[in-house]
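Hi everyone, thanks for making time this morning. I'd like to walk you through one structure, so please have a look at the screen before I start talking about sheets and helices.

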Amino acid sequence: MPRVVSLFLPTWPTDRVRRTLASAAPPRDVPLVLVGHDGRRRVVTAVDVAARRSGLRVGMPATKAQALVADLVVMDAEPLADADALERLALWALQRYAPIAAADPPDGLVIDTSGADHLHGGEEAMLAGMVQRFADVGIAARAAVADCWGVAHATVRHRASGTTIVPSAHGGEVIFDLPIGALRLSAPMVKALRVLGFERIGDLAAQPRAPLALRFGPELGRRLDQAMGRLAEPIVPVRTPDLIEVNRAFPEPIGAPETIARYVGKLVVALCEALEAKGLGAKRLDLMFHRVDNRIEAVRVGTALPVRDVKRLTRLLCEKIETVSPGFGIEIMTLTATLAEPLSEKQVVSSLVEEPEADVSGLIDILANRVGEHRLYRLAPFASDVPERSVRRVGPMSADDGAAWPNHWPRPIRLLGSPEPIETVALLPDQPPVTFTWRGIRRRVRRADDPERVFGEWWKRDAELEAVRDYFRIEDDAGERFWVFRAGDGEDPATGSHRWYLHGIFG
């Protein structure tokens, strides 16, 4: 079942202007509008959140907007710049999320995430990540996923929610309660339909098609069929001239898995030759199948390192063939290196001199494409005295930056996900526990070392200005060793709660 994500940027033109102006942009609480020409009139073409709260709206005369809001910031609209920036966002989505992504002018993106959502932790995590990434750069966004573009587009623009997941096999009935403007009809057609008394999509869906087509033409029926999932609506993915791409057209449609696999191998050979000519290696490949029914099926594979190995890339792609539905046949296959990086030739280590290092990148590529890239990682040190912040996740094949954990204080082999509270008997302010109870088991402390004091990172949060922890290594009667700490210095309540926690276990 195809799944399509629609991203809606409700204040896109003004957000783009603020990002372009950077530090020179007006504050967020100052209303900002963009003004363009409608014939000879100057009208408002975009408003930000503050302007909307002040009662301004798109289509209002510019002079009226300035009269209503005294401190209004007015700037000229730049439709071409908005469109170019939207195309760049679509290219980012293509490289980051799925093989099929395109701009949805004037204020959105559309992404076919069929078979790719598991690589981002599932639909819920994927949508939340999309919205958060836009928020991090100052762009308001909402996202919805559904079985077809029409439903996703209508849902994200007419339901007030940050992210919306429409269940699979829902049918077009899920949008029957939405206004007819959600069908992406022209403004004059929407106005004419409302004159006739039509307000909701369900009102139109219940009417005979012939009278509507006679009066409004085929556009109305086409949009209804697309929203109901009866008519395919292909998404033409964004492309740039610097993408390395090869394709194969077939005089007769193909559909057998072995035939598809054979031509996948031929496309990989052609792509690797093109990559070699530019000194590049592929890190992400998108294979698209253009079906005779005007639908596009796609698969995506990634590699941990730049690769130009024909056999390896062919194997990764062929493992995904079973997820492709050829329908009535495939007439064009396209293979694109969506992400490529420099790859130079290197001398192979001779076994006469030294043993070659084991290359596990192939295994990592297989696992990452099966279970998701985000699920494969290794732990690396990070500069922080706070234990839970001193480690980070990096890619399994990430280069070693030379960082190391401090060795002046020993650290436990196992650090708990979050410190767990324990009940203790201890003498304040500097003595370790005499006994402690953890997970219902009471333990007597046989040995303990002097405390290690860890200060809060005051430059991150004001709450950590005075916060401290005193860590102790302790050993119980059974010989088990634990890492515990007291929140606070044992004297000043402002430094912490003075409660005790267990944070790690030594081997």
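Let me begin with a bit of vocabulary: helices (H or I, at least four residues) and strands (E, at least two) are DSSP runs, numbered from the N terminus. Two strands pair if DSSP finds at least two bridges between them. What you see is a predicted model, where local features need pLDDT of at least 70, side-chain atom pairs count only at pLDDT 80 or more, and totals for chains, interfaces and linings use all residues. Residues are numbered from 1 along each chain as its sequence is written, and side-chain values use heavy atoms, with hydrogens and water left out.

Now the overall picture. The protein has 13 helices and 21 strands. Its radius of gyration, taken over C-alpha atoms, is 30 Å, well over the 23 Å that the globule rule (2.2 Å times the number of residues to the power 0.38) gives for 507 residues, so the protein is more spread out than a compact globule. The C-alpha trace spans about 90 × 75 × 45 Å along the principal axes. Of the 507 residues, 44% are buried, where buried means under 20% relative accessible area with a 1.4 Å probe, protein chains only. Contact here means heavy atoms within 4.5 Å. Taking contacts between residues at least 6 apart in sequence, 58% join residues at least 24 apart.

Let's go to the sheet that starts with the N-terminal part of the chain. In what order do the five strands of this open sheet run? The order is E5-E6-E1-E7-E8, and the pairing is mixed. At its edges are strand E5 (100–104) and E8, each pairing on one side only. Neighbouring strands are turned by 15° against each other on average, direction ignored; axes are lines fitted to C-alpha atoms, for helices over the stretch in contact, and angles run from 0 to 180 degrees between N-to-C directions. Two helices pack on this sheet. Helix H5 (residues 123–136) touches E1, strand E6 (108–112), E7 and E8, and its direction makes about 160° with that of E8. H6 touches E1, E5, E6, E7 and E8, with a direction at about 30° to that of E1.

Strand E7 (residues 142–146) deserves a closer look. Four of its five residues are buried, so E7 is largely enclosed by the rest of the structure. Five bridges join E7 to E1 in the antiparallel sense, and Val5 has Val145 as its bridge partner. On E8 (residues 163–165), E7 pairs in the parallel sense over three bridges, with Val145 opposite Ile165. From E7 the chain crosses through helix H6 (residues 149–158) to E8, and this β-α-β crossover is left-handed. For handedness, a crossover is right-handed if, with the strands pointing away from the viewer, the path from the first strand over the helix to the second runs clockwise.

Which residue would I zoom in on? I'd pick Ser6, in strand E1 (residues 4–8). Ser6 has 0% relative accessibility and so counts as buried. Ser6 stands opposite Ala144 in E7. Its side chain makes a polar contact with the side chain of Arg157 at 3.3 Å; a polar contact is a pair of N or O atoms within 3.5 Å, where within protein one must be able to donate a hydrogen and the other to accept it, and residues adjacent in sequence count only if both atoms are side-chain atoms.

Staying with buried elements, seven of the 10 residues of helix H1 (residues 12–21) are buried, so H1 is largely enclosed by the rest of the structure. Among them are Trp12, Pro13 and Asp15. The buried residues of H1 pack against strand E2 (32–38), strand E3 (41–47), strand E4 (73–76) and helix H4 (79–96).

Further along the chain there is another open sheet, with four strands in the order E9-E12-E10-E11 and antiparallel pairing. Strand E9 (244–254) and strand E11 (296–307) stand at the edges with a single partner each, so one side of each is left without a neighbour in the sheet.

Finally, the hairpins. E15 and E16 form one with six residues between them. In the hairpin of E16 and E17, two residues lie between the strands, and Arg439 takes a positive phi near 55°. Thanks for listening!

Notes:
Buried < 20%, exposed > 50% of the residue type's maximum accessible area, 1.4 Å probe, protein only.
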